[in-house]
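Morning, everyone. I have one chain to show you, and a few places in it to visit. Have a look at it first.

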Amino acid sequence: IYISAVDNTDISVTNTKTEKPLYVHSMHVGLENIIKRYQFFTSRNIRIDDNHKYTVMLPIIQNRPAKTA
């Protein structure tokens, strides 16, 4: 797994692909869960690149100070 920051705006997580067994039962909850959590905090989308390597680009969520009255 290779994790890197991209221009201080995204985190890139890349993994090489391996041959899958003939039958793999997956409910795909992990990636769906991450997408829903990011939608709660930001309008920016997670990007997924599923080519010769599998890459997920996660937007960096900025911690903004609360407004004072």
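Let me start with one residue. Ser-12 is buried, because its relative accessible area is 7% and the cut-off is under 20%. Where does Ser-12 sit? Its place is in strand 2. Which residues does Ser-12 touch, leaving aside those up to four places away in sequence? On one side of the list are Tyr-2, Ile-3, Ser-4 and Val-6. The list also holds Thr-55, Val-56 and Met-57.

One caution before I go on. This is a predicted model. Please keep that in mind for every number I give.

Now the overall layout. The chain has one helix and four strands. Reading from the N terminus, the order is β-β-α-β-β. The chain has 69 residues, and buried ones make up 17% of them. So much for burial; what about the surface? The chain exposes about 6400 Å². Carbon and sulfur atoms supply 56% of that area. Then contacts along the sequence. Take pairs in contact that are at least 6 apart in sequence. Of these contacts, 49% join residues at least 24 apart.

Next stop, strand 1. Strand 1 covers residues 2–6, and Ala-5 is found there. Is Ala-5 buried or exposed? Ala-5 is exposed, because its relative accessible area is 57% and the cut-off is over 50%. Ala-5 also gives us a distance to check. Its C-alpha atom is separated from that of Met-57 by 9.4 Å. Along the chain, those two residues are 52 residues apart. You have heard Met-57 already: Ser-12 touches it.

Move on to the loop between strand 1 and strand 2, where strand 2 is 10–16. Two residues in this loop deserve a look at their backbone. Asp-7 is found there, and so is Asn-8. What is phi of Asp-7? It is near 50°, a positive value in a residue other than glycine. Phi of Asn-8 is near 55°, again positive and again not in a glycine. Both side chains can be placed on the accessibility scale too. Asp-7 is exposed, with a relative accessible area of 68%. Asn-8 counts as exposed at 63%.

Now aromatics. How many aromatic pairs does the count come to? One. The partners are Phe-40 and Phe-41, and the geometry is edge-to-face. Centre to centre, the rings are 5.0 Å apart, with 85° between the planes. Why do we call it edge-to-face? Because 85° is over 60, the cut-off for that class. Are these two residues buried or exposed? Phe-40 counts as exposed at 65% relative accessibility. Phe-41 is exposed as well, with a relative accessible area of 57%.

Last item: pockets. Rolling a probe the size of a water molecule over the atoms shows where empty space is left. The largest pocket has a volume of about 370 Å³. Ten residues line the largest pocket. Which of them are the closest to its centre? They are Lys-17, Thr-18, Lys-20, Asp-50 and Tyr-54. By class, the lining has two nonpolar, five polar and three charged residues.

To recap, then. Ser-12 is buried in strand 2. The loop residues Asp-7 and Asn-8 have positive phi. Phe-40 and Phe-41 form the edge-to-face pair. And the largest pocket is lined by ten residues. That's my tour. Over to you.

Note on methods:
Residues are numbered from 1 along each chain as its sequence is written. This is a predicted model: local features need pLDDT of at least 70, side-chain atom pairs count only at pLDDT 80 or more; totals for chains, interfaces and linings use all residues. Side-chain values use heavy atoms; hydrogens and water are left out. Buried means under 20% relative accessible area, exposed over 50%, partly exposed in between (1.4 Å probe, protein chains only). On a 1 Å grid over the protein atoms alone, a cavity is a set of points where a 1.4 Å probe fits but cannot get out, and a pocket is an open set with protein on both sides within 12 Å along at least five of seven lines; lining residues have an atom within 4 Å of a point. Grid points are joined across faces, edges and corners, and a volume is the space filled by probe spheres set on the points. Ala, Val, Leu, Ile, Met, Phe, Trp, Tyr, Cys and Pro count as nonpolar, Asp, Glu, Lys and Arg as charged, and the others, Gly among them, as polar. Contact means heavy atoms within 4.5 Å. Accessible areas come from the Shrake-Rupley method with a 1.4 Å probe; for residues, only the protein chains shown count as cover. Rings of Phe, Tyr and Trp (its six-membered ring) pair if their centres lie within 6.5 Å; planes under 30 degrees apart count as stacked, over 60 as edge-to-face and the rest as tilted.
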